[in-house]
Amino acid sequence: MSFRHANDYVEDVSPGSGALPPRAWYAGSDARSLSLKGSWRFRLSPTADAEDDSFARTDYDAADWADISVPGHWVLQGHGAPIYTNHLYPFPVDPPRVPTENPTGDHLRFFDLPADWPAGGETVLRFDGVESCARIWLNGTELGEFKGSRLPHEFAAGRLLQPRGNVLAVRVHQWSAGSYLEDQDQWWLPGIFRDVTLLHRPVGSVPDFFVHASYDHLTGTGTLRVDSGVPGRVTVPDLGIDVAAGEPVTVPAEPWTAETPRLYDGVLAAEGERVPLRIGFRTVELSDGLIKVNGRPLLFKGVNRHEWHPGRGRALDLETMREDVLLMKRHNINAVRTSHYPPHPAFLDLCDEYGLWVIDECDLETHGFTEQGWRDNPVDDDRWTPALLDRAARMVERDKNHPSVVVWSLGNEAGTGRGLTAMAKWIRGRDASRLIHYEGDHNCRDTDLYSRMYAGHAEVERIGRGLDGGPRGRRELPFVLCEYAHAMGNGPGGLADYQRLFERHGRLQGGFVWEWIDHGIAHPELGYAYGGDFGEELHDGNFVCDGLLFPDRQPSPGLLEFKKVIEPVSVTGDAADGTVRVTNKYDFAGLSALAFTWSYEVEGEPVESGTLAVPALAPGESAEVKLPAVPAGAPAGESHWTIRAVLASDTAWAPRNHVVAWGQIPVSERRVPYVAATARPAPGDGAISLGPAVFDARTGALRTVGEVPVTGLRLDVWRATTDNDDGAAWQGDPRHGLLWRSLGLHRMRHRVDAVEVGEDALTVRTRVAPAARELGLSAVYRWTSDGDRLRLTVSTCPEGEWTVPLPRLGIRFGLPAADRVHWYGGGPGEAYPDTRQAASVGRWRSTVDGMQTPYVRPQENGARIDVRWAELGGLRIEGDPAFFLTARRWTTEQLDAAAHRTDLVPGAAAGGGSTAGVWVNLDHGQHGIGSQSCGPAPLPRYRLKAEPAEFSFVFSTTPGTGES
Ligand code: IPT
């Protein structure tokens with residue numbers, strides 16, 4: 001015997017029943033609407049099999065239910081817990097079946113209609129996003145059920161509404177057949193997480209409308225046609241347009257581009273409704289093997305954006321969305337891929353308004369099927385095709401009127417199959433004015449772009465040169481990296497090297513960094529939680545924190561690096577001939593929005609500044625611009641010109657003087673410090689003194705410089721491995737972090753071989769090596785002094801067979817305390833060999849705490865590059881050559897062991913009997929960062945080879961109380 005549950009729809013592959021056909025989303029019309037946002041009643045059940053749908057009755061007593069905020073996710077509001085998996089389904093794979101343990105949230109909302117709610121017409125109830133499946137009742141009558149979490153669904157509700165005492169009951173299941181189509185790399189967060197709205201639809205209202213607004217760059221005209229299902233008139237006052245709906249009209253107009261987002265306000269007026277229009281004229285085409293807009297190829301400088309808020313998950317408010325857009329614009333980003341689902345519709349309004357190219361991606365990913373060689377993949381199973389087509393239609397219909405959307409994406413990581421082909425075919429039939437993207441289709445059967453993720457530089461270069469072969473259809477297509485530069489933890493490295501390739505080869509039309517923001521969840525004990533922190537049985541740890549923004553939307557160094565690498569103006573030059581070369585790297589805009597300034601700096605201190613006249617340059621053009629004469633009376637010393645391109649006036653996204661781009665041109669070089677070895681080492685009473693310093697006579701260890709105690713000064717090769725050092729589990733060798741650890745580089749032992757007191761030097765000979773290995777490094781410390789200053793020269797030489805690069809090479813030591821840090825060199829932020837573009841040479845001040853980069857999972861961070869000298873903790877340190885400076889209130893070992901920010905406790909560095917409160921690293925070299933947490937390892941030129949090296953530091957004390 002078998003029986004069917006009332007909830008069989010949960011495991012039904014069909015998209016649902018009862019919903020109205022999809023249509024364009026618009027924020028406003030003059031028709032009435034009522035938001036049902038706010039506090040709802042809520043009850044959570046562990047399973048979906050409750051036959052009891054009595055809660056949907058109007059007289060149901062929900063007095064003992066909890067309150068919940070809608071929009072919201074119940075697992076972020078104290079009911080159940082979030083789960084993070086990258087691609088693994090957190091339930092047995094048996095499509096379309098889901099577990100019996102299927103958390104089910106019953107939601108209730110009681111509401112009255114406003115007294116003046118119009119009587120005639122229809123009223124629809126719209127859900128903008130519910131994860132993963134919902135069944136709806138209004139006043140006890142079932143309206144239907146749906147799947148498709150990040151897509152809108154509307155139901156006719158008018159016949160059931162009453163003026164007062166309406167009861168809306170929504171049953172939401174965490175798992176459904178739809179979950180198989182929503183295996184994106186993110187938290188599983190059930191709930192009604194986007195708006196719920198009642199919309200009045202007057203008699204004679206617009207059922208749907210489609211704005212066709214193209215631009216002809218040869219004639220400078222825009223052609224507008226607004227299709228609507230009913231008779232109506234279209235007016236655009238600024239263009240003198242007043243035509244019937246459905247009728248085309250061509251007028252002189254300014255085009256819309258992401259750089260120049262010209263929108264024209266218009267109205268579509270039907271008998272019963274006036275719909276505001278924001279029209280952007282632009283034409284997207286594939287021509288000469290390139291993506292062109294308004295006749296010109298463009299370069300995507302993009303990011304992948306998941307919707308994220310550390311407290312509210314994917315339930316975003318308008319201000320958070322606006323903040324994302326403003327942050328993108330301020331960091332020179334020009335494109336967004338809405339990975340991996342259509343965003344809240346208001347986000348696309350913002351993209352239209354501020355100017356961002358959008359790849360709008362469908363809510364589709366079946367990545368977990370890769371575990372079984374893609375067997376049973378829903379995208380290659382005709383039973384699922386209606387659900388796929390439903391998703392495609394809901395995306396295209398909702399978003400078709402946005403000029404910012406230039407590409408439709410079928411989804412992400414769903415293998416290949418007939419269902420995808422069917423989606424592409426349907427989309428082309430409905431909207432031929434945009435291109436189609438899908439990364440998984442490497443043969444480009446269904447797509448207009450050749451898209452890949454995480455391809456390394458060498459392969460991207462081959463593709464750029466057209467040497468990648470592949471089917472003919474693909475060879476003729478433009479190339480886009482829909483994901484690259486995995487921004488997990490410290491990194492990504494190698495951005496500048498990608499950008500150089502994109503700019504050199506026309507076929508390479510840019511890419512989208514993975515990803516915009518860390519999906520850390522604000523947590524009372526951990527700071528930000530990641531996978532595993534909620535006791536999940538399967539999880540992927542901190543792989544969910546791989547953004548250019550920290551969870552609180554503070555820019556990470558990766559974002560600042562990206563901003564510099566993709567700046568739309570380049571300034572390069574050679575001070576010798578007194579000119580700089582300025583290049584306009586915009587695709588569409590001139591430079592009229594920018595003003596240029598110069599500053600002449602000696603030892604990082606500005607001596608004089610002024611404005612620089614730069615001729616009007618069309619996109620792609622360059623000019624040689626004469627620099628002023630070197631300011632008379634400028635002091636001697638290392639000097640630079642710094643040229644900045646700033647906003648000439650306030651814009652919608654940043655104020656006047658916001659720095660868009662900059663370049664720095666060296667003028668005269670630095671003189672390295674010279675210390676005459678005139679002081680003699682003087683042994684006595686267990687100690688050896690030399691100039692301002694005292695050493696331990698037995699070990700040769702430095703004890704003090706002047707009044708400043710120094711502990712544990714020695715060669716250091718270890719860094720707390722970064723996510724990119726460790727690499728992703730599926731990456732092939734070399735995963736340097738693992739190799740380093742297996743060699744034992746994190747537990748090096750230091751053997752003192754000799755302490756030699758010479759005529760003018762104290763020399764300490766050591767060997768540094770890990771247990772169980774024959775490889776190591778010799779390290780010779782040679783100390784000299786002129787009486788005031790102390791010079792250390794470290795000579796090191798690898799011994800044995802070194803087949804791996806070193807994590808770092810330098811010295812470390814402890815100081816009792818340090819707070820303020822002052823340095824001359826690269827700054828203001830952290831920089832490593834392949835993440836150093838944003839560092840400019842200057843005089844910088846910070847604090848030890850301010851020098852930490854708060855990666856959600858602690859790891860190596862905060863190095864300042866090319867430091868000529870630094871002052872901290874009562875010491876002044878000059879480098880020969882310049883060095884990397886790091887200072888922190890904990891040891892590298894403590895940093896390495898920490899799993900969350902809150903594990904790092906200042907003062908705890910005093911372990912092991914040491915009195916140090918701050919640990920300082922002065923590095924001669926650092927290994928590159930790369931992107932191997934999902935992409936390529938550092939390029940060979942950024943590897944820190946184990947090879948003989950020599951470097952020096954000059955120590956002296958700064959006046960005062962041990963503080964600089
Ligand atoms: C790629 C996914 O498309 C993306 O969602 C995310 O998981 C990213 O990787 C890594 O953070 S898939 C990649 C494993 C090839």
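Reader: Hey, where is G419?
Author: G419 sits in helix 4. Helices here are DSSP runs of H or I with at least four residues, strands are E runs with at least two, and both are numbered from the N terminus. This is a predicted model, where local features need pLDDT of at least 70, side-chain atom pairs count only at pLDDT 80 or more, and totals for chains, interfaces and linings use all residues. Residues are numbered from 1 along each chain as its sequence is written, and side-chain values use heavy atoms, with hydrogens and water left out.

Reader: Ok, and is G419 buried or exposed?
Author: G419 counts as buried, because its relative accessibility is 1%. Buried means under 20% relative accessible area, exposed means over 50%, and partly exposed is in between (1.4 Å probe, protein chains only).

Reader: What's the distance between the C-alpha atoms of G419 and L389?
Author: They are separated by 7.9 Å, and the two residues are 30 residues apart along the chain.

Reader: Switching to charges: how many salt bridges are there?
Author: The count comes to 76 salt bridges. Each one is a side-chain nitrogen of Lys or Arg within 4 Å of a carboxyl oxygen of Asp or Glu.

Reader: Helix 4 came up before. What does R430 pair with?
Author: The side chain of R430 meets that of D208 in a salt bridge, with 3.9 Å from N to O. R430 lies in helix 4 (residues 418–430) and D208 in the loop between strand 15 (196–201) and strand 16 (209–216), so the pair ties together parts that are 222 residues apart in sequence.

Reader: Are those two buried or exposed?
Author: R430 is partly exposed at 31% relative accessible area, while D208 is buried at 18%.

Reader: What about R741, what does that side chain meet?
Author: R741 forms a salt bridge with D896, at 3.0 Å from N to O. R741 is in helix 10 (residues 736–743) and D896 in helix 11 (residues 892–897), so this pair links parts that are 155 residues apart in sequence. R741 is partly exposed at 31%, and D896 is buried at 19%.

Reader: And R789, which residue does that one bridge to?
Author: R789 bridges to D786, and their closest N and O atoms are 3.2 Å apart. R789 is partly exposed at 25%, and D786 is also partly exposed, at 24%.

Reader: Which residues are linked in a network of salt bridges?
Author: E131, R150, E182, R314, D363 and R391 are linked that way.

Reader: Now sheets. What holds strands together in general?
Author: Strands of a sheet pair through backbone hydrogen bonds, either parallel or antiparallel. Here two strands count as paired if DSSP finds at least two bridges between them.

Reader: What's the order in the sheet of seven strands?
Author: The order is 1-10-9-12-6-3-4; the sheet is open and the pairing is antiparallel. At the edges are strand 1 (16–17) and strand 4 (66–70), each pairing on one side only. Inside that sheet, strand 6 (residues 101–111) and strand 12 (residues 166–173) run antiparallel and are joined by eight bridges. H107 stands opposite V170 in strand 12.

Reader: And the sheet of three strands, what's the order there?
Author: That open sheet runs 23-24-25, again with antiparallel pairing. Strand 23 (284–287) and strand 25 (296–297) are at the edges with a single partner strand each, so one side of each is left without a neighbour in the sheet. Strand 23 is joined to strand 24 (residues 290–293) by four bridges, and V284 stands opposite V293.

Reader: Which residues are on the covered face of strand 20?
Author: V249 and V251 are on the covered face, while T250 and P252 are on the uncovered one. Strand 20 runs antiparallel to strand 17 (residues 221–228), with four bridges between them, and G222 stands opposite V251.

Reader: Last topic: what's usual for phi and peptide bonds?
Author: Most residues other than glycine have a negative phi, and most peptide bonds are trans.

Reader: So what kind of peptide bond runs from V70 to P71?
Author: That bond is cis, with omega near 5 degrees. P71 lies in the loop between strand 4 and strand 5 (83–85). W514 and E515 are also joined by a cis peptide bond, with omega about -5 degrees.

Reader: What's the phi of Y454?
Author: Y454 has a positive phi of about 65 degrees, although it is not a glycine. Y454 is buried at 12% relative accessible area. D685 is not a glycine and has a positive phi too, about 55 degrees, but D685 is exposed at 81%.
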